[in-house]
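Welcome! Below are some exercises for getting to know a new structure, each followed by a solution that goes step by step.

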Amino acid sequence: MGKVISFINQKGVVGKTTMAFNAAHALAKNGHKVLAIDLDPQANLTLLFKAQNELNINHLLINSIKELKMLHVQALLGNVLVRGTVDLLPGGQELSGFDLTVAAVNTPRQLVLKKFLETNGLNDRYDFIIIDCPPTLGLLVINSLCASDGVIVPFRPDDFSLKGLEHFYQVIEDIAEMGIVKAPEVFLHVPNLVDLRRKQESDDLNKIIQAIDSELGEGKVFSPFLNKAGLVKSLASRKSVFDFKTQEFSELQEKFSGVAQKIEEWSHEHR
Ligand SMILES: Nc1ncnc2c1ncn2[C@@H]1O[C@H](COP(=O)(O)OP(=O)(O)OP(=O)(O)O)[C@@H](O)[C@H]1O
Ligand SMILES: [Mg+2]
């Protein structure tokens, strides 16, 4: 069985999409079969894949709910899936209607994505399913959490990130208490866009690391990603850092290989 891993932070612009994209490619480079799912109506991940589908994951999810028959469209998994080094189920603006559309159905609303993955045997077809989430804690993200085995939280260290993290852990606890699925494990936090020259920022980061250590145990925070021009450049050309051969990218490649290694180790421990 493959592992489903979500990249989540309810705060925006912390690097979820950047990390999900490059981590997915790092895993593929190591020989794994990887599916990326874009659950964000902004569809930034889909843009990085240069995939512009008419149909997206929202159509498949709505199609999977029998009660919503009047909203079903002609779309099979094979029409929506984009194949590549990393396969993709694209996102699209239709996802912004998901919460409202699904609000009134009687089937368990939190489990639509989980059931969709199971019904289509996707957990068996891939070693890793990487989900890029929107910057909310809405129903889509709850669906992602309920479908996931593990969670990675990219964050920017500042005064507010600790409060946000605590709120997020609470949401995971709520899912555990619902008792209908096993809550996913938050096994990695990735400090991103860190400026270690700014004292306030390294102080904030240390405080956050201490808080995570005492809440979840040590070893769950990755070494910080600094502000890297190379990353901006690669994203602008819609490529992963592994598509570049110059020296400028070797450090970034090492970092993302490190993230992939953490994912592999965690998945190995949870077979
Ligand atoms: N380490 C980094 N160095 C330089 N730029 C970065 C770094 N990480 C991310 N960025 C840039 O920051 C911006 C936000 O990154 P990204 O889109 O991955 O964040 P996000 O959390 O997915 O945002 P959203 O919440 O809107 O989905 C992007 O323009 C990206 O190019
Ligand atoms: Mg994003």
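## Exercise 1: a strand and its neighbours

Strands β2 and β3 (residues 87–89) run parallel and are joined by three bridges. Helices and strands here are DSSP runs (H or I of at least four residues for helices, E of at least two for strands), numbered from the N terminus. This is a predicted model, in which local features need pLDDT of at least 70 and side-chain atom pairs count only at pLDDT 80 or more, while totals for chains, interfaces and linings use all residues. Residues are numbered from 1 along each chain as its sequence is written, and chains are lettered from A and ligands numbered from 1 in the order in which they are written.

Task: find which residues of β3 and β4 stand opposite residues of β2.

Step 1. Start with β3: Leu-88 stands opposite Ala-36.

Step 2. Turn to strand β4 (residues 128–132), which runs parallel to β2 and is joined to it by five bridges. Here Ile-131 stands opposite Ile-37, and Asp-132 stands opposite Asp-38.

Step 3. Now check how covered β2 is. A residue is buried if 20 or more other C-beta atoms lie within 10 Å of its own, exposed if 12 or fewer, and partly exposed in between, with C-beta atoms placed from the backbone. Five of the five residues of β2 (residues 34–38) are buried, so the strand is largely enclosed by the rest of the structure.

Step 4. Sort these residues by face. In a regular strand the side chains alternate between the two faces of the sheet. Val-34, Ala-36 and Asp-38 are buried on one side, and Leu-35 and Ile-37 are buried on the other.

## Exercise 2: the whole sheet

Task: work out the order of the six strands in the open sheet.

Step 1. Two strands pair if DSSP finds at least two bridges between them. Following the pairs gives β3-β2-β4-β1-β5-β6, with parallel pairing.

Step 2. Look at the ends. β3 and β6 (185–191) are the edge strands, each with a single partner strand, so one side of each has no neighbour in the sheet.

Step 3. Add the twist, which averages 20° from one strand to the next.

Step 4. Place helix α12 on the sheet: it touches β1 (3–7), β4, β5 (150–155) and β6, and its direction makes about 170° with that of β6. Angles run from 0 to 180 degrees between N-to-C directions, and axes are lines fitted to C-alpha atoms, for helices over the stretch in contact.

Step 5. Finish with β6. Six bridges join this strand to β5, and the two run parallel; Glu-185 in β6 is the bridge partner of Gly-150. Six of the seven residues of β6 are buried, so this strand is largely enclosed by the rest of the structure.

## Exercise 3: two packed helices

Task: describe how α1 and α12 pack.

Step 1. Two packed helices are described by the angle between their axes and the distance between the axes. For α1 and α12 (residues 250–269), the angle is about 75° and the axes are 8 Å apart.

Step 2. Name the arrangement. Angles under 35 degrees count as roughly parallel, over 145 as roughly antiparallel, 65 to 115 as roughly perpendicular and the rest as oblique. α1 and α12 are therefore roughly perpendicular to each other.

Step 3. List the meeting residues, where contact means C-beta atoms, placed from the backbone, within 7 Å. Met-19, Asn-22, Ala-23, Ala-26 and Leu-27 in α1 meet Phe-256, Ser-257, Val-259, Ala-260 and Ile-263 in α12.

Step 4. Sort them by class: eight are nonpolar, two are polar and none is charged. Ala, Val, Leu, Ile, Met, Phe, Trp, Tyr, Cys and Pro count as nonpolar, Asp, Glu, Lys and Arg as charged, and the others, Gly among them, as polar.

Step 5. Zoom in on Ala-26. This residue has 26 C-beta neighbours inside 10 Å and so counts as buried.

## Exercise 4: around the ligand

Task: say how many residues surround ligand 1 and which are the closest.

Step 1. A residue is near a molecule if its C-beta atom, placed from the backbone, lies within 6 Å of it. By that rule 19 residues surround ligand 1, and the closest are Gly-12, Lys-16, Thr-17, Thr-18 and Pro-135.

Step 2. Sort the shell: eight residues are nonpolar, eight polar and three charged.

Step 3. Find the helices involved: α1 (16–29) and α11 (229–236) each supply at least two residues of the shell.

Conventions
Contact = placed C-beta atoms within 7 Å.
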